[in-house]
Amino acid sequence: MVLDEQELRHHLAAAADRASAPRFTVDDLTGRIRRRRAKITGLVAGSLLAVAAIAVAVPVALSGPGTPPTAHPAGVPLPLPFRLSFTVAVNGQPRVFPKNGPPPSFTVTPGEYLRIRVGVTVPAHAEVTTMWLGISRGVFTAPGPHGRRPASMHPVLAHTRKPLTPGLHTFAMTWAMPTGLPRGTTLWLVTGWTTRQENASVGQGVAELVTPR
Amino acid sequence: MESWKQTLAELSRDRFASLKRQAFLLCGNDGQAEDLVQDALIRAFARPMRTPRPDAAEAYVRVIMVNLFIDGARRRSRWNRTAPLLTGTDMSADPADQVLTRDVLLTALNDLSPRQRACVVLRFFQDLPVAQVASALGIAEGTVKGYLSEAMTRLAARLSSAESE
């Protein structure tokens with residue numbers, strides 16, 4: 001027997017008519033959605049705190065005997081002398097990088113050729129001595145002693161040892177996403193930078209590269 | 001009013017019933033369909049949407065619903081393999097389900113794999129083109145065609161045997 005598509009459509013519509021009217025209301029859903037939103041916001045804030053703590057704790061742990069460790073209570077991030085602001089565009093698509101929010105996210109396919117443009121704005125009266133830009137699987141490591149390559153960054157896409165003065169500096173990079181990545185894999189475009197001011201060394205995420213689910 | 005609440009309110013006016021009908025075809029069970037629609041709506045609206053228009057939101061909810069159904073079916077099949085080892089078989093079937101199994105098509109749909117079932121519902125109930133079905137499920141168009149062809153053969157066999165009975 002061959003099943004006609006129109007006949008199947010008719011059967012499906014008739015079967016769907018057996019469904020009763022929804023018993024939930026908008027009010028039921030609103031409360032649950034609000035709670036879930038609050039949970040997600042809490043998770044993001046928690047992750048950002050953890051990332052900040054790691055970004056500070058790792059360079060302190062990696063610093064050799066030449067740089068005496070500074071006593072800081074565990075989990076409390078060191079104060080940064082200044083913050084850099086970033087703009088990111090992947091394959092011509094710019095994304096907003098909120099000042100206190102998570103880095104922007106880009107959906108990319110395995111094997112896709114990416115043209116990445118990162119704009120770094122150094123604030124007035126500040127100077128960045130070393131900057132690395134590259135890919136990480138989720139760990140944001142700051143540069144090692146003497147501005148060495150951040151341990152978790154592989155591959156490195158851009159690197160400068162020429163000091164970055166106040167103002168906008170643009171880095172244009174190309175990279176191909178690895179092939180054969182499972183669905184929903186997240187890679188990070190990360191940066192590691194150092195400054196002489198308070199000998200700070202920072203690792204942070206700049207953008208999230210996610211393969212489709 | 002926040003924009004997502006406004007969109008949700010607009011959807012509730014006339015699209016909740018339509019979402020429930022699609023969920024019912026996926027699950028074949030009224031209670032599970034109810035849960036599926038609610039879960040999909042909550043997931044969709046829990047994150048900020050780029051385009052909180054009702055039509056875009058509805059399409060997004062439908063995709064989430066299908067993916068939740070497939071994930072849930074995978075979990076249920078794992079559990080069904082484990083459950084007999086943990087408990088006795090003293091559970092009785094829901095009488096409402098017994099009534100529903102009298103619907104020949106719903107019974108025939110139960111014979112399909114979750115992905116085949118999702119393809120049939122998206123293609124022939126929601127009238128999506130094959131390319132959009134493939135995109136919603138994250139699989140290749142050829143795979144969708146394969147699923148549809150096998151599903152049609154199985155449904156035809158099942159419906160013809162029901163007719164002869």
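The paragraphs below go through the two chains of this predicted model, from overall make-up to contact, single elements and confidence.

Chain A contains 2 helices and 9 strands, and read from the N terminus its elements follow the order α-α-β-β-β-β-β-β-β-β-β, with the helices ahead of the strands. Of the 213 residues in chain A, 25% are buried. When the contacts in chain A between residues at least 6 apart in sequence are taken together, 70% of them join residues at least 24 apart.

Chain B, by contrast in its elements, has 9 helices and 0 strands, so that its order from the N terminus is simply α-α-α-α-α-α-α-α-α. Buried residues account for 30% of the 165 residues in chain B, and among its contacts with a separation of 6 or more, 65% are between residues 24 or more positions apart.

The two chains meet in a contact to which chain B gives 32 residues and chain A gives 28 residues. On the side of chain B that touches chain A, at least two residues each are supplied by α1 (3-14), α2, α3 (30-46), α6 (104-110), α7 (114-125) and α9 (141-164) of chain B. The largest share of that side, 9 residues, belongs to α3(B). Sorted by class, the side of chain B that touches chain A is made of 21 nonpolar, 4 polar and 7 charged residues.

One of the helices that supply this side, α2(B), can be followed in closer detail. Helix α2 of chain B covers residues 16-27, which is 12 residues, and its first and last C-alpha atoms are 16 Å apart, close to the 16 Å expected at 1.5 Å a residue. The helix is mostly covered, since 10 of its 12 residues are buried. These buried residues begin with Phe16(B) and continue with Leu19(B), Lys20(B), Arg21(B), Gln22(B), Ala23(B), Phe24(B), Leu25(B), Leu26(B) and Cys27(B), a set in which Lys20(B) and Arg21(B) are found alongside residues such as Phe24(B) and Leu25(B). In an α-helix there are 3.6 residues a turn, so residues three or four places apart point the same way. After α2(B) comes Gly28(B), with a positive phi near 75 degrees.

A further residue to locate in chain B is Arg62(B), which lies in helix α4 (residues 54-86). Arg62(B) counts as buried because 23 other C-beta atoms lie within 10 Å, where 20 or more are required. The C-alpha atom of Arg62(B) is separated by 8.9 Å from that of Leu41(B), although the two residues are 21 residues apart along the chain.

How far these details can be relied on is a matter of the predictor's own confidence, which for chain B has a mean pLDDT of 80, with 78% of the residues reaching 70 or more. Within chain B, confidence is highest in α7(B), at 93, and lowest in helix α5 (residues 95-100), at a mean of 47. Two stretches of chain B stay under 50: over residues 86-93 the model has 2 contacts beyond four places in sequence, while over residues 96-101 it has 9 such contacts. For the complex as a whole, the predictor gives an ipTM of 0.79 and a pTM of 0.51.

Terms used:
Residues are numbered from 1 along each chain as its sequence is written. Chains are lettered from A and ligands numbered from 1 in the order in which they are written. This is a predicted model: local features need pLDDT of at least 70, side-chain atom pairs count only at pLDDT 80 or more; totals for chains, interfaces and linings use all residues. Helices (H or I, at least four residues) and strands (E, at least two) are DSSP runs, numbered from the N terminus. The expected span of a helix is 1.5 Å times one less than its number of residues. Two residues are in contact if their C-beta atoms, placed from the backbone, lie within 7 Å. Ala, Val, Leu, Ile, Met, Phe, Trp, Tyr, Cys and Pro count as nonpolar, Asp, Glu, Lys and Arg as charged, and the others, Gly among them, as polar. pLDDT is the predictor's confidence in each residue, from 0 to 100.
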